[in-house]
Amino acid sequence: MTFKAPDPAHGKVPSHTCQGCHGPGLASMNSAIPGLAGQNPSYTRLQLTVFRARLRPSAVMWQQAAKLSDQDIADIAAYAATRQPGPAWKVGSADAALAAKGEALFQAGDGPRNIIACAICHGSDGRGSDCLGVASITNLSPDCGGKVLHEFKDTPEFGIPHPNAMRITLRPMTEEDLKAVQIYISSMGK
Ligand code: HEC
Ligand code: HEC
């Protein structure tokens, strides 16, 4: 991928097409669609290039990404990073115990079961790291979280570090563990 210094003001223009699905200012209000606002640019860039190369499944995004140049991708990612992430999802009382379990797994992992704390890579605040290519995962709805965690868990080995970090982390986790972290991360952030 080659691009000049990313320009958020330029990225705002092509992002109009995206806002119909990803929400105003790219902050999603729709639990079926991930928000892009506040995301680390390196993560957004990588996802758009893997959609464009049809390596990550999503017919909708294949079509969207096909239209974007490397520079568009870099500019949109820079614009998204300047936006405030959109709402944290509320935990219903029926899910409070699961959210607490998710918090414990996220922050501390589970040594005897070989589960690495998510916080080691994503940070205790869930905002990830741009220079390490680790996604910010606060404000991700439980539906989107569930979908992407299952994608990582079920995906074949690519031999490149990014998806493999998640694959290895998720391997020892049960369905209930996944549900628990999904509810917890959706409630992180404002
Ligand atoms: C018709 C609706 C629609 C439009 C328009 C759309 N997207 Fe998406 N986008 C989706 C859906 C649905 C997903 C979730 C894909 C999945 O995981 O199956 C997604 C996922 C993504 C992701 C991955 C997010 C993550 O957290 O992993 C990025 C980045 C993205 N879209 C960027 C864009 C950009 C940039 C545009 C505009 C050029 C755009 N999208 C336009 C529906 C849309
Ligand atoms: C060893 C480092 C590492 C650990 C530990 C880790 N992650 Fe990740 N995670 C990553 C990286 C790197 C990415 C970006 C993957 C990519 O580029 O495809 C990611 C991506 C994600 C995504 C996708 C974000 C999106 O917007 O779709 C979610 C959700 C996620 N991680 C949740 C978790 C949870 C929950 C845990 C703990 C159970 C966890 N991660 C543990 C490194 C890690």
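**Is His-22 buried or exposed****?**

His-22 is buried, because its relative accessible area is 11%, and residues under 20% fall in that class. Keep in mind as you read on that this is a predicted model.

**The iron of ligand 1**

Let's stay with His-22 for a moment. Its NE2 atom is a donor to the iron atom of ligand 1, and the other protein donor is the SD atom of Met-61. These donors lie 2.0 to 2.2 Å from the iron. Six donor atoms surround the metal with angles of 88 to 177°, and the site is octahedral.

His-22 belongs to helix 2 (residues 15-22) and Met-61 to helix 4 (residues 59-66), so the two donors tie together parts of the sequence that are 39 residues apart. Like His-22, which is buried, Met-61 is buried, with a relative accessible area of 16%.

**The iron of ligand 2**

Now for the other ligand. The iron atom of ligand 2 is coordinated by His-122 through NE2 and by Met-166 through SD, at 2.0 to 2.1 Å. Its six donor atoms subtend angles of 87 to 179°, and the arrangement is therefore octahedral. This pair links distant parts of the chain: His-122 sits in helix 7 (residues 119-122) and Met-166 in helix 9 (residues 161-170), 44 residues apart.

What about burial? Both of these residues, His-122 and Met-166, are buried.

**A nonpolar patch on the surface**

Helix 7 also holds Ile-120. This isoleucine counts as exposed because its relative accessibility is 63%, and the cut-off for that class is over 50%. Together with Ile-116 and Ile-168, Ile-120 forms a nonpolar surface patch, and the three have about 290 Å² of accessible area together.

**Asn-139 in its loop**

Further along the chain, Asn-139 is found in the loop between helix 7 and helix 8 (142-154). With a relative accessibility of 10%, Asn-139 counts as buried.

Which residues is Asn-139 in contact with, leaving aside its neighbours within four places in sequence? One group of them is Pro-85, Gly-86, Pro-87, Ala-88 and Trp-89. The others are Ile-185, Ser-186, Met-188, Gly-189 and Lys-190.

**Ala-97 in helix 6**

A last stop is Ala-97, which has its place in helix 6 (residues 96-108). Its relative accessibility is 61%, so Ala-97 counts as exposed. If you would like a distance to check in your viewer, take Ala-97 and Leu-36: they are 61 residues apart in sequence, and their C-alpha atoms are 28 Å apart in space.

Methods: Residues numbered from 1 in each chain as written. Chains lettered and ligands numbered in written order. Predicted model: local features only at pLDDT ≥ 70, side-chain atom pairs only at ≥ 80, totals over all residues. Heavy atoms only, no water. Helix = DSSP H or I, 4+ residues; strand = E, 2+ residues; numbered from the N terminus. Buried < 20%, exposed > 50% of the residue type's maximum accessible area, 1.4 Å probe, protein only. Donors = N, O, S within 2.8 Å, 3.2 Å for Na, K, Ca; no water. Tetrahedral: all angles 85-135°; square planar, octahedral: opposite > 155°, others 65-115°. Patch = residues over 30% accessible without salt bridge, like charges linked within 9 Å, V, L, I, M, F, W, Y side chains within 5 Å. Areas by Shrake-Rupley, 256 points an atom, 1.4 Å probe, with all protein chains shown as cover. Salt bridge = Lys/Arg side-chain N within 4 Å of Asp/Glu carboxyl O. Contact = heavy atoms within 4.5 Å.
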